[in-house]
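Subject: The structure we talked about

Hi there,

Here is the structure I promised to pass along. Please open it alongside this email, and I will walk you through what turned up.

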Amino acid sequence: MLDLSTLPGLEERYGAALVLVRPDQHVAWRGGRAEDPDTVLARVLGDGVPAA
């Protein structure tokens, strides 16, 4: 997770202060705050998403 608030211009570009970027450069999550990073990571990994 990157804190974009310290990097000029990136917060405006991504539309959020925090961004989680996958190794293939896909933005997996973005938001203004992440009080519980474990919950954010679980959501990105598909926890709670019904199997097809």
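Below is what I found, from the overall layout down to single residues.

**Overall picture**

Please keep in mind that this is a predicted model. The mean pLDDT of the chain is 82, and 94% of the residues reach at least 70. Confidence varies along the chain: of its elements, strand S1 (residues 2-3) has the lowest mean pLDDT, 72, while S3 has the highest, 88.

The chain holds 2 helices and 3 strands. Read from the N terminus, their order is β-α-β-β-α. If you draw a box along the principal axes, the C-alpha atoms fill roughly 40 × 25 × 15 Å. Of the 52 residues in the chain, 17% are buried. The exposed area comes to about 4,200 Å², with carbon and sulfur atoms supplying 53% of it. As for contacts, if you take those between residues at least 6 apart in sequence, 8% join residues at least 24 apart.

**The hairpin**

Which strands pair with each other, and in what sense? Strand S2 (residues 18-21) and strand S3 (residues 27-31) do, in the antiparallel sense, over 4 bridges. To find your way along this pairing, look for valine 19, whose bridge partner in S3 is arginine 30. Another pair to look for is valine 21, which stands opposite valine 27 in S3.

S2 and S3 form a hairpin, and 5 residues lie between the two strands. Glutamine 25 sits in this loop between S2 and S3. Its phi is near 75°, a positive value in a residue other than glycine. Is glutamine 25 buried or exposed? Glutamine 25 counts as exposed because its relative accessibility is 62%, and the cut-off for exposed is over 50%.

There is also a salt bridge to look at: aspartate 24 forms one with arginine 22, and their closest N and O atoms are 2.6 Å apart. The count of salt bridges comes to 1. Arginine 22 has a relative accessibility of 38%, so this residue counts as partly exposed.

**Two leucines and a surface patch**

Leucine 7 is in the loop between S1 and helix H1 (10-14). With a relative accessibility of 39%, leucine 7 counts as partly exposed. If you would like a distance to check on screen, try leucine 7 and aspartate 36: these two are 29 residues apart along the chain, and their C-alpha atoms are separated by 23 Å.

The other leucine I would point you to is leucine 41, in helix H2 (residues 37-44). Why does leucine 41 count as partly exposed? The reason is its relative accessibility of 42%, which falls between the 20% limit for buried and the 50% limit for exposed. Leu41 also belongs to a nonpolar surface patch, which it makes together with Val44 and Leu45. The area of this patch is about 270 Å².

If you only have a few minutes, I suggest starting at the hairpin of S2 and S3, then turning to the patch made by Leu41, Val44 and Leu45.

Happy viewing, and do write back with any questions!

Best wishes

How values were computed
Residues are numbered from 1 along each chain as its sequence is written. This is a predicted model: local features need pLDDT of at least 70, side-chain atom pairs count only at pLDDT 80 or more; totals for chains, interfaces and linings use all residues. Side-chain values use heavy atoms; hydrogens and water are left out. Two strands pair if DSSP finds at least two bridges between them. pLDDT is the predictor's confidence in each residue, from 0 to 100. Buried means under 20% relative accessible area, exposed over 50%, partly exposed in between (1.4 Å probe, protein chains only). Patches are made of residues with over 30% relative accessible area and no salt bridge: like charges are joined within 9 Å, nonpolar side chains (Val, Leu, Ile, Met, Phe, Trp, Tyr) within 5 Å. Accessible areas come from the Shrake-Rupley method with a 1.4 Å probe; for residues, only the protein chains shown count as cover. A salt bridge is a side-chain nitrogen of Lys or Arg within 4 Å of a carboxyl oxygen of Asp or Glu. Contact means heavy atoms within 4.5 Å.
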